[in-house]
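Subject: Structure for you to look at

Hi,

Here is the structure I promised to send over. Have a look at it first, then read my notes underneath.

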Amino acid sequence: MEAIKPQIAQEAIKAQVRQYISANFLMGANVAELRDDDSFMGQNVIDSAGVLELIAYLEQIYGIEVDEDEMIPDNLDSLNGIGHYLQRKLNSARA
Amino acid sequence: MASDITCSESLTARAPEKALDASVLDIDCAAETALISARLVEIVGRVLRRRGVVVAVSGGIDSSVCAALAARALGRERVLALLLPEHDSSKDSTRLGRLVAEHLGLDYRVEDIGPALEAIGCYRWRDEAMRRVFPAYGAGWRSKIVIAGAQGGLTYFKLVVQSPSGETREERMGAQEYFQVVAATNFKQRLRKTLEYFHADRLNYAVTGTPNRLEYDQGFFVKNGDGSADVKPIAHLYKTQVYALARHLGLPAEICSARPTTDTYSLPQGQDEFYFGLPYDKMDLALWALNHELSAEALAGAIGVTPAQAERAYADIRSKRRATTYLHLAPQLVAPL
């Protein structure tokens, strides 16, 4: 089976997470102004309780388990971070 | 262990002259007591127009100091102390609550809220969520929630359980399980407040809230639970200062040296394990330093951490302020009146 191109996979992940954030945290409001490298917490989009929900969503949708040492802002506090993190996680699961 | 901070000659916290140290939290306890007493008389009598106050006494330092201040300000005959234990309360809580009430000569009532909590589903909802994490959890098990990942990582929570045989295990909690356990245990604070208002209404008294500055600032309370009150006499005081007042007011030594706990879960749980991440004396200094716009470097030296760790402590304080803003808000109206 042909490998998914990394850049395409990351863009798809970010689009899906962006949609989830809009629906779950902002009651459907437009999040077009949320840049890929914006901090969710820094922009007041997600608080610490929201992080728990976001992790639960990622675990359910992508069939992963976020390890405790992976719960850092670099992995989970921006669309770019999530894109990179999930791609690494999913690739290591396939390997 | 209680802080060594004592009362000094100054009424308000001083700006640091050199390096930051714990002396910035020194207060003139006699003057502070006089100030709070005068304000309590004015607020209860003139603003709230009530004849006394109800104080729920947990056996901890904050509620004990509030009861002592109220007795001093209004007279002990105008203070009703309530001891409201439930199934998970430490036996020490009721013993220490009685000790305080009797020491102050207050009228007090002990009302076990365990049966009411059972009836409303508090323990059932909590245990159902805990069994999703540990399927064997049940009668005879004990539990608590501890904070994890606060320094540098994202905050999450672990459920710690102890089986009847004494084996301890811990597991990260998922969002739904965490929210449900917290929602269920919040019944405890909300039911206590219902009883406090019953007695306040019965006596035409006001209800006292007992948060210190750290708890109030950082949102460490249950909305419409312990966060609900008519007057909060020590919300402007750092925890260290509350300990100093306790000694000044002559409260029993056992109260003055008590370690802050939540007394909400069946396993012993320090407040720093559940919420603050640092011991209270360090949290006090961190909050004071942030409020006075001191650098992370200055804080680091005072509390014995690296500048990077001090910066994360600042970030954590700011983050909790943002996350708990809603707890302080009154109901929002969609149009001005």
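Below is what I found, going from the nonpolar cores to a sheet and then the cysteines.

Please keep in mind that this is a predicted model.

Let's start with the cores. The largest nonpolar core has 63 residues, and helix α2 of chain B (residues 61-74) gives the largest share of them, 10 residues. Those with the most contacts inside this core are B:Leu20, B:Val53, B:Val65, B:Leu69, B:Leu245, B:Leu251 and B:Leu299. If you click on B:Leu20 and ignore its neighbours within four places in sequence, you'll find it in contact with residues including B:Leu285, B:Trp288, B:Leu294 and B:Leu299. Another core, of 47 residues, lies apart from that one, and A:Tyr85, B:Ile147, B:Leu159 and B:Tyr265 are among its members.

Next, the sheet. Chain B has an open sheet of 3 strands in the order β4-β5-β6, paired antiparallel. Its edge strands are β4 (142-148) and β6 (168-172), each pairing on one side only. On average, neighbouring strands here are turned by 25° against each other, direction ignored. Between β4 and β5 (residues 156-162) of chain B there are 7 bridges; to see one of them, look at B:Arg142, whose bridge partner in β5 is B:Gln162.

Now for the cysteines: are there any disulfides to worry about at the bench? A search of the whole structure turns up 0 over all chains. Take B:Cys66: its sulfur is 14 Å from the closest cysteine sulfur, in B:Cys256, so that is too far for a bond. B:Cys66 is also buried, at 1% relative accessibility, and B:Cys122 counts as buried too, at 0%.

Cheers

Notes. Residues numbered from 1 in each chain as written. Chains lettered and ligands numbered in written order. Predicted model: local features only at pLDDT ≥ 70, side-chain atom pairs only at ≥ 80, totals over all residues. Heavy atoms only, no water. Pairing = 2+ DSSP bridges. Helix = DSSP H or I, 4+ residues; strand = E, 2+ residues; numbered from the N terminus. Axes fitted to C-alpha atoms, helices over the stretch in contact; angles between N-to-C directions. Disulfide = S-S within 2.5 Å. Buried < 20%, exposed > 50% of the residue type's maximum accessible area, 1.4 Å probe, protein only. Core = buried A, V, L, I, M, F, W, Y, C linked by side-chain atoms within 4.5 Å. Contact = heavy atoms within 4.5 Å.
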